[in-house]
Amino acid sequence: MIKRALVLGTMFFACGNAVAGSEISGVNLPDSITLQEKVLSLNGAGVRSKFFIDLYVGSLFTVGQVDQASKVIDSDQPAAIRLNITSGIITSEKMTEAMNEGFDRATGGDPAPIEASIKEFIATFAEPIKEGDQFTLLSVPGEGIISYKNGKQLSVTRGETFRKAVMAIWLGKNPTDEDLKEDMLEG
């Protein structure tokens, strides 16, 4: 009986990424979201931590279940990355710095071709950020990224190369957090 309980407990612990309708780090994750009249289902989610501090819960919403980053980045279907801020140490300045670092990683150190789009997009994070804020980045292939804060649309940043770079921040070959990438794709 004890052995069975240990096996079940180990299986539960190993399944640390999100499944539909679950909770991670105090954030309730919906089964699906609707943006621009598109229904996207929760694919997977995890926590972005740095120095043992949970910064945000990152979740990926897709049209169908996806287990490969390229199937999101290169898809002709919309997808969304949602960031639920869980730490008060995240400020507008720190988010801007993190995004710039993310673009540097996502573009292999050459963000210059999309610099104007990056500057426009970064303005999304100019307003003060507090614990509990939610950012949703809707990737629309062929168009760009539609950014939301706490459910309110803030901006539309156009460009396919830019759109792919945004998705690559979390899902690319050199993501901001490899564990979070895996959690988003494990669904």
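The dialogue below discusses helix packing, nonpolar cores and one buried residue in a predicted model.

Student: How are two packed helices described?

Tutor: Two packed helices are described by the angle between their axes and the distance between those axes. Here, helix α3 (residues 92-106) packs with helix α4 (residues 115-122) at an angle of about 155 degrees, and their axes are 11 Å apart. Angles over 145 degrees count as roughly antiparallel, so α3 is roughly antiparallel to α4. The crossing of α3 with α4 is right-handed.

Student: Which residues in α3 and α4 meet?

Tutor: From α3 come Thr96, Met99, Asn100 and Phe103, which meet Ile118, Phe121 and Ile122 of α4. The residues of this contact comprise 5 nonpolar, 2 polar and no charged.

Student: What should one look for in a nonpolar core?

Tutor: In soluble globular proteins, nonpolar side chains tend to be buried together. In this model, the largest nonpolar core has 35 residues, of which Met95, Met99, Phe103, Trp170 and Leu171 touch the most other members. The largest share, 8 residues, comes from α5. Another core, of 15 residues, lies apart from it and includes Leu35, Leu40, Ala45 and Val57.

Student: What does phenylalanine 103 touch?

Tutor: Leaving out residues up to four places away in sequence, phenylalanine 103 touches Pro111, Ile114, Ile118, Phe121, Ile122, Phe162, Ala165, Val166 and Ile169.

Student: Is asparagine 84 buried or exposed?

Tutor: Buried means under 20% relative accessible area. Asparagine 84 has 9%, so it is buried. Asparagine 84 lies in strand β6 (residues 79-85). Beyond its neighbours within four places in sequence, asparagine 84 is in contact with Val27, Leu55, Tyr56, Val57, Asp133 and Gln134.

How values were computed:
Residues are numbered from 1 along each chain as its sequence is written. This is a predicted model: local features need pLDDT of at least 70, side-chain atom pairs count only at pLDDT 80 or more; totals for chains, interfaces and linings use all residues. Side-chain values use heavy atoms; hydrogens and water are left out. Axes are lines fitted to C-alpha atoms, for helices over the stretch in contact, and angles run from 0 to 180 degrees between N-to-C directions. Helices (H or I, at least four residues) and strands (E, at least two) are DSSP runs, numbered from the N terminus. Angles under 35 degrees count as roughly parallel, over 145 as roughly antiparallel, 65 to 115 as roughly perpendicular and the rest as oblique. A crossing is left-handed if the near helix is turned anticlockwise from the far one by less than a right angle, and right-handed if clockwise. Contact means heavy atoms within 4.5 Å. Ala, Val, Leu, Ile, Met, Phe, Trp, Tyr, Cys and Pro count as nonpolar, Asp, Glu, Lys and Arg as charged, and the others, Gly among them, as polar. Buried means under 20% relative accessible area, exposed over 50%, partly exposed in between (1.4 Å probe, protein chains only). A nonpolar core is a set of buried Ala, Val, Leu, Ile, Met, Phe, Trp, Tyr and Cys residues joined through side-chain atoms within 4.5 Å.
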